[in-house]
Amino acid sequence: MSLEFFDQLMAEMSDESHPCTVDLRRCGSAYFEFYAAAHSLHDNAYQEMTRLPPSESLCWRRLYTDACLLCAVSEVSDLVQDDAAATEAVAFLDRAIIIAGAPGRLDSIHQLIKDIQEKHLILKPLRASSGHKQPLTHMYHSSAFSHSVPCIHPPPNAFGGREWSQKPFVLQRHGYVQGWKALSSWASIDYLRSVAGPGRLVPVEVGKDYRTEEWTQRLMSWDYFLQSLDFPEHPAQPQNEVLYLAQHNLLMQFPALEGDIGIPEYVYTCPDPPSCYPAYKPPGNTDGLIINAWLGPRGTISPAHTVTQVVGRKTVWLAPPDVSDLMCPFDTSTSDAADKFHNPAANLNVAEPSMCNTSRVDVFPDSAEAEQASRDAFPNFWKGVPQKAMYMTLAPGDVLFFPPGWWHSMRSEETSFSVSMWF
């Protein structure tokens, strides 16, 4: 299996007209080192890829992906037959998907992962959980919440007019979503493990809120992450850290999940940019659509245009673009290295406002004392924003639409799995 795949990869790279090879040759002399030093190139490509903006990094993402492929194949060569090597091979392939997007190689990587899992790995039963399902206690409800997001029934005609695209709304227990297999299957830890198979890695945020100093990101075992969450058949293992899989294209990494959901028709309507945010442009990929998964325990906060709630409940807070001057965002122009490390906005692409506007105000304070401290620190926000803000607690099967440019924050009320679609 591994040698045949290696031969196929070598044949593609020797074909100067192959699309992947054309892109790889743009890396210059590094391309010709490819055959001799896959591991070295893996590190080199990663450094170059992360240094450059996405528009200039394709050749290095290609190189990183192919280096991961060669490293994976070398781990499961005919001379090596053990679980550890096979697990490391799958980890290399997952890194190609997660870090580089596996351009031009995604189908090959999915097939190679499947082959390695079938030949070398077994999905072992989970250890019995030592945890106990915790009863849900009351969460503090701050006065940043004033008005509910309107619920619309019947749903607006997606192609009959564009008024619906100008304001947020919720479709409760939307009929289209009620047919999703995900509503039942994604609440099962056994199902989520089975569709991924053994040995998989996922990118996880460590920390309750990415604005805090202790927040970081880590690649970790899918099994380990799932065991940190409460499932009906498997209570969460005790954890010293809050783990959150956020804004990750899990459906690209685990394509078996794609068949469990559908795409609401609103995504295909190509609505005009809202009047409050005329500069908005849809995603620049082929589909004009980005689908991300959000999976985390109770209390995780996202300082996230549809959001579909699949498992558990999530409270969403929204505020219109015209309150931007009162939102107290992080300063993206800071030049201090320490500030940039703790400032999530400073390291993002400041040319894309929808990606770098992160408020310093916590609209989900955990106590009256914390809210008062926020009022003292950000008086303009508390005077002008809450009366224009909206909120809604989404239940499984609910669909939230909100236009681009709206400020938003989300809090999981229990183990929560949701899907966002940006278009």
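Which strand does glutamine 247 lie in? Strand β5, which covers residues 243-248. That is a handy place to start a walk through this model, which is a predicted one.

1. **Glutamine 247 and its backbone.** As a general point, most residues other than glycine have a negative phi. Glutamine 247 goes the other way, with a positive phi near 55°. Its side of the story on accessibility is a middling one: glutamine 247 has a relative accessible area of 37% and is partly exposed.

2. **The strand around it.** Have a look at β5 as a whole next. Five of its six residues are buried, so β5 is largely enclosed by the rest of the structure. On one hand β5 pairs with β3, the two running antiparallel and joined by two bridges; here glutamate 205 has tyrosine 244 of β5 as its bridge partner. Two bridges also join β5 to β6 (residues 290-296), again in antiparallel fashion. In that pairing, histidine 248 is matched with alanine 293 of β6.

3. **Another positive phi.** Cysteine 328 is not a glycine either, yet its phi is positive, at about 55°. You will find cysteine 328 in the loop that runs between β9 (314-319) and α12 (337-342). Is cysteine 328 buried or exposed? Its relative accessible area is 16%, and because the cut-off for buried is under 20%, cysteine 328 counts as buried.

4. **A cis peptide bond.** Most peptide bonds are trans. The one that joins histidine 153 and proline 154 is cis, with omega at about 0°. Proline 154 belongs to the loop between β1 (147-148) and β2 (169-171), so that loop is where to click if you want to see the bond for yourself.

5. **Salt bridges: arginine 105 and aspartate 66.** How many salt bridges does the structure hold? There are eleven. In one of them the side chains of arginine 105 and aspartate 66 meet, at 2.7 Å from N to O. These two come from distant parts of the chain, 39 residues apart: aspartate 66 sits in helix α4 (residues 58-75), and arginine 105 in the loop between α5 (83-100) and α6 (106-120). Arginine 105 has a relative accessible area of 2%, so it is buried. Aspartate 66 is buried as well, at 2% relative accessibility.

6. **Salt bridges: arginine 200 and aspartate 94.** Here the closest N and O atoms are 2.6 Å apart. Arginine 200 is in the loop between α9 (189-196) and β3 (201-206) while aspartate 94 is in helix α5, so this pair ties together parts that are 106 residues apart in sequence. Both ends are out of the way of solvent by the numbers: arginine 200 is buried at 6% relative accessible area, and aspartate 94 is buried at 0%.

7. **Salt bridges: arginine 411 and glutamate 413.** This bridge has its closest N and O atoms 3.1 Å apart. Arginine 411 and glutamate 413 are both buried. As background, side chains of opposite charge can pair when their charged atoms come close.

8. **Aromatic pairs.** The count of aromatic pairs comes to seven. For phenylalanine 169 and phenylalanine 401, the ring centres are 5.4 Å apart and the planes lie at 25°, so the pair is stacked. Phenylalanine 169 and phenylalanine 401 are both buried. Tryptophan 317 and phenylalanine 381 make another pair, with centres 6.2 Å apart and planes at 40°, so this one is tilted. Tryptophan 317 is in strand β9 and phenylalanine 381 in helix α15 (residues 379-384), which puts the partners 64 residues apart, in distant parts of the chain. Tryptophan 317 and phenylalanine 381 are both buried too.

9. **A cluster, and a charge over a ring.** Which residues form one aromatic cluster with Phe169? They are Phe401 and Phe423. Finally, turn to phenylalanine 92: arginine 95 lies over the face of its ring, at 5.6 Å from the ring centre.

How values were computed. Residues are numbered from 1 along each chain as its sequence is written. This is a predicted model: local features need pLDDT of at least 70, side-chain atom pairs count only at pLDDT 80 or more; totals for chains, interfaces and linings use all residues. Side-chain values use heavy atoms; hydrogens and water are left out. Helices (H or I, at least four residues) and strands (E, at least two) are DSSP runs, numbered from the N terminus. Buried means under 20% relative accessible area, exposed over 50%, partly exposed in between (1.4 Å probe, protein chains only). A salt bridge is a side-chain nitrogen of Lys or Arg within 4 Å of a carboxyl oxygen of Asp or Glu. Two strands pair if DSSP finds at least two bridges between them. Rings of Phe, Tyr and Trp (its six-membered ring) pair if their centres lie within 6.5 Å; planes under 30 degrees apart count as stacked, over 60 as edge-to-face and the rest as tilted. A charge sits over a ring if NZ of Lys or CZ of Arg is within 6 Å of the ring centre and within 35 degrees of the ring normal.
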